[in-house]
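Okay, thanks for squeezing me in. Let me put the sequence and the model up on the screen, and then I'll walk you through it.

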Amino acid sequence: MAADGGVLPETAQVHWRPRVDERRLRLFARLWTLTTLAHVVPFLGVAALLLWLDPVTLPVALAAVAHAWVIPELYAKRGADVVRRKTRRGDRRPTEEAERVSAGLLGDLVGHEAREVHAATGLVPERGTLGVWVVGEAGALLVRPGGRRVHCWCVRVDDPRLPTGDRIAHLLLALRTDEAGFATVANQTFSGAPWRVRRRLPPEMRPALDAGRALAASDPRYSTAR
């Protein structure tokens, strides 16, 4: 679990943001749901109205329904992108040896199960007080207790030349130092059903989200937060 008592110094750079806690996460979830409905319902309403007025408008109605489906999918893709591997070129591209060493050092920070998930997917699951985090090199997914909602957070490690393992390790250490501060500093890109994000992840990364959902649904430490 994330350590108590530490405060990330980066929170001073976003001093206008209230610290993230359970109440704010529930508020974020409701706002994202309302935003999604505000995008989807008008298109579905237009489709229903067109069909009621004249069945010949079926093609236009279907286009409206397609818009209602695509908009949430685009938001989910934006959320999934936070944990995708980043392409780096030229002098920003670490050597294979640096990547291998960084992966080994990262393995020393996590448990056996997390090492296995990282080896298979490139992502690391980490239990926190707010839920189960699935950490990548430039962001993290937070699976809430119960496994029925995921929040996607984009966060940047300053040095672009660091190997992937070192970047993930930086984010893990920040999470363990100040989980609420980590969520405060990071930028939220999506909140919604895990299945939407899973569809937009590369196939090799999907087991990491599945593992996070399983932990969030089964860990008794989260039972009082459901």
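So, this is a predicted model, and I want to start with the aromatics. Phe28, Trp133, Trp153 and Phe182 are linked by ring pairs into a cluster. Searching the whole structure turns up 6 aromatic pairs. Take phenylalanine 28 and tryptophan 153: the ring centres are 6.4 Å apart and the planes sit at 65°, so that one is edge-to-face. Phenylalanine 28 is in helix H1 and tryptophan 153 in strand E4, so the pair ties together parts that are 125 residues apart in sequence. Both phenylalanine 28 and tryptophan 153 are buried.

Next pair: tryptophan 133 with phenylalanine 182, edge-to-face as well, with 5.4 Å from centre to centre and 90° between the planes. Here tryptophan 133 comes from strand E2 and phenylalanine 182 from helix H6, residues 179-185, so this pair ties together parts 49 residues apart in sequence. Are these two buried or exposed? Tryptophan 133 has 0% relative accessibility, so it counts as buried, and phenylalanine 182 counts as buried too, at 3%.

Okay, on to the sheet. In what order do the strands come? It's an open sheet of 5 strands, E1-E2-E3-E4-E5, with antiparallel pairing. E1, residues 124-127, and E5 are at the edges with a single partner strand each, so each has one side without a neighbour in the sheet. On average, neighbouring strands are turned by 20° against each other, ignoring direction.

Going across: E1 is joined to E2, residues 132-135, by 4 bridges, and glutamate 126 stands opposite our tryptophan 133 there. E3, residues 139-143, runs antiparallel to E4 with 5 bridges. Those two make a hairpin with 6 residues in between, and glycine 146 in the turn has a positive phi of about 100°. E4 then pairs with E5, residues 187-192, over 5 bridges, again antiparallel.

Cysteine 154 is a nice one to click on: it is the bridge partner of glycine 139, and it also stands opposite asparagine 187 in E5. As for E4 as a whole, 4 of its 5 residues are buried, so the strand is largely enclosed by the rest of the structure.

Last stop, back to helix H1, residues 22-53, where leucine 31 sits. Together with Leu34, Leu37 and Val41, Leu31 forms a nonpolar surface patch with about 370 Å² of accessible area in total. Leucine 31 itself is partly exposed, at 44% relative accessible area.

That's my tour, happy to take questions.

Technical notes
Residues numbered from 1 in each chain as written. Predicted model: local features only at pLDDT ≥ 70, side-chain atom pairs only at ≥ 80, totals over all residues. Heavy atoms only, no water. Buried < 20%, exposed > 50% of the residue type's maximum accessible area, 1.4 Å probe, protein only. Pairing = 2+ DSSP bridges. Axes fitted to C-alpha atoms, helices over the stretch in contact; angles between N-to-C directions. Patch = residues over 30% accessible without salt bridge, like charges linked within 9 Å, V, L, I, M, F, W, Y side chains within 5 Å. Areas by Shrake-Rupley, 256 points an atom, 1.4 Å probe, with all protein chains shown as cover. Salt bridge = Lys/Arg side-chain N within 4 Å of Asp/Glu carboxyl O. Phe/Tyr/Trp six-rings, centres within 6.5 Å; stacked < 30°, edge-to-face > 60°.
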